[in-house]
Amino acid sequence: MEHSGVAFGTSGARGLVTAMTDAVCCAYTLGFLQHLQSVGEFKAGTPVAVAGDLRPSTPRILTACVAAIEAAGGVPVFCGYVPTPALCNFAFARSIPSLMVTGSHIPDDRNGIKFNRAGGEFLKSDEAAMRNETVTLPAGWFNAEGALTHSITLPPITPVIPDFIKRYKDFFGENALSGFRLGIYQHSAVGRDALVQIVEALGAETIVLGRSERFVSVDTEAVRPEDVSLAKEWAKTENFDALLTTDGDSDRPLLADHTGTWLRGDVLGILAAQFLAARSVATPVSSNTALEKTGSIESIRRTRIGSPYVVTAMTEATEAGIVPSVGYEANGGFLLASDITQGSNRLAALPTRDSVLPMLCALAACKHHDNKLSRLVATLPPRFTLSDRLQNMPTAQSLKKLDGLRANPEQEAEKLGFVAACGPLTTLDETDGVRMTFASQEVIHLRPSGNAPELRVYVEADSTERAEALLALGMQAVALWRKE
C-alpha cells in the first residue's frame, strides 16, 4: 500500500492501472479476506462473489482477485460484468463477501477494487483494520514485474441480473412506468442493458442512445459539458419523458427531464426519500440543504463524503428505530438501510449505492405531475447546488491550501473573492474539506477528491444562475492555487 500508489479513497482502493499490478491486487484481496477471517466472515470454503465494470483493465484485475480468493481457500463466484448494486443484491442476500473491480467514473487509466462484507459495505474501520494485516503472496505465482504467471481461469458466470430486475418489478409493479417514453444513455456503463430491462419490466417504452464500446468517463456529480449538450440535443429529437443513465459501475444515477436538463443527485435523493416516506436520512455535508427546508424528514444526519460514512450514519438511525432509514450522496447514489413496505409490496434493504431505485422513485412520483419531472422538482424549496473539479491538482497541494484557509478563514475567503461576492463569512464547516456559508446564505465548499488528484468545488444558492456564477468564481479562484 505504501509503495504502490494504490490507496483507499472514498469508495474502495483506487490507483493507476500501471500501479495496480496483479501482485498488488492479489495482496489487497488477501488482506481483505484475512480481515474478514478475523471477524468471522471468511474461512476456507467460503464463497466470495466477484464482478467488474467494462474498462479494459478490469478482466486482468478480476483474475488477480480470483487468484487471491483461491490462494486463501475461498470459492470464487463470478457474477460477470454487472452493476455494483446487482452484485451486492446477490451477495448480501446470501451473506457472503463480495468485491467489485471498478474505477467508477474516473478515467480508464485508473481502476479500483470495492470490497464488501457479508452484510454490507466495507467501512472505514474495516479499512484501518485491513491495513494492519500482514499478507504473503503465493510463492512463484508472480514475475518480477508483478504479473500473474500462475494459471487462473475465471469461473463460469453466475447470473445475478434476473433477481435484480425482480427486486424492482415486485415492489413498483409491472405497470409503474406505463405511458413513459424513456431515453437510456448507455455509453459504457456496465448496467446499460440491465437498465433497459428494468424500466421495460415496469411498462416503459425505451430508446437506446449513445452506446459506446470505448470507455466513457461519465461523472454524475460533475457532468461533462458534452453530456450536457448530448442530453439537450436528444431532447429536441427523441421526444422522451426522461433520460436515464449511470456512471461506469452503475451505482450512481443521472436523470434528466423532458428538456434534457440533468437533475442533481442530491435533488434526486430528496425526491426518492419523500416517495419512500423515509423518517431518517443520512447524507454528506455537501448535499443540497433543501432537504432540511422541506420539513418532511424527522431525522437528518450529515456526514463526511463517501458511502461508508453514510452507511454508518443510516445504520445508527436504524438501530435507534428511526425507520424507514435511507441515505444518499450528491452523486445520486441511494442507499436503503431498512426494508420498505408500501401496501402489500416490500423492498428489502440494500445498504450500498443504488442507481436504479432513486430514478424509479422519481419517475413513479411524477406520474401525479403529468409525467413531468420538472413539475415534481418545482415542488421542492428553491436551493440549487452545482459542482465541478479542478483536475490534475495534487492532493498534497490541495491540503496545504485548505490548511491555510482554515487558519485564516475570513482573510483567505476575502483574498479569493468570496466575501466580495457573497458577503461576510458566517459559518465554517470542516466535516469534510472546508465548507463556507456566507451572509447571503450562499455556500462555497472546497474539498480534495478521495479518488483522484482533483480539487472538488461545490456551491449552493437560491437560483441556478447564481449557482453558476458562484461555481465559475470558485473554479477561477482555485485555478490560481494550482498555478502557485
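These are my notebook entries on a pocket and some aromatic rings in a predicted model.

**Ground rules.** I number residues from 1 along each chain as its sequence is written, and side-chain values use heavy atoms, without hydrogens and water. Because the model is predicted, local features need pLDDT of at least 70 and side-chain atom pairs pLDDT 80 or more, while totals for chains, interfaces and linings use all residues.

**Entry: the pocket.** I looked up the largest pocket (on a 1 Å grid over the protein atoms alone, an open set of points where a 1.4 Å probe fits, with protein on both sides within 12 Å along at least five of seven lines). Its volume, the space filled by probe spheres set on the points, is about 940 Å³. I found 37 lining residues, which have an atom within 4 Å of a point. Closest to the centre are Thr261, Trp262, Arg264, Thr385 and Leu386. I noted that β18 (384-391), a strand (a DSSP run of E, at least two residues), gives the most to the lining, with seven residues.

**Entry: the rings.** I looked up aromatic pairs (rings of Phe, Tyr and Trp, the last by its six-membered ring, with centres within 6.5 Å) and found 12. Phe171 and Phe172 have ring centres 5.0 Å apart and planes at 90°, so I logged the pair as edge-to-face (planes over 60 degrees apart). Both Phe171 and Phe172 are buried (under 20% relative accessible area, 1.4 Å probe, protein chains only). Tyr328 and Phe334 are stacked, 6.5 Å centre to centre with 5° between the planes (stacked is under 30 degrees). Tyr328 is buried at 0% relative accessibility, and Phe334 is buried at 1%. I also noted a cluster of Phe8, Tyr28, Phe32, Phe115 and Phe122, linked by ring pairs.

Methods:
Helices (H or I, at least four residues) and strands (E, at least two) are DSSP runs, numbered from the N terminus. Buried means under 20% relative accessible area, exposed over 50%, partly exposed in between (1.4 Å probe, protein chains only).
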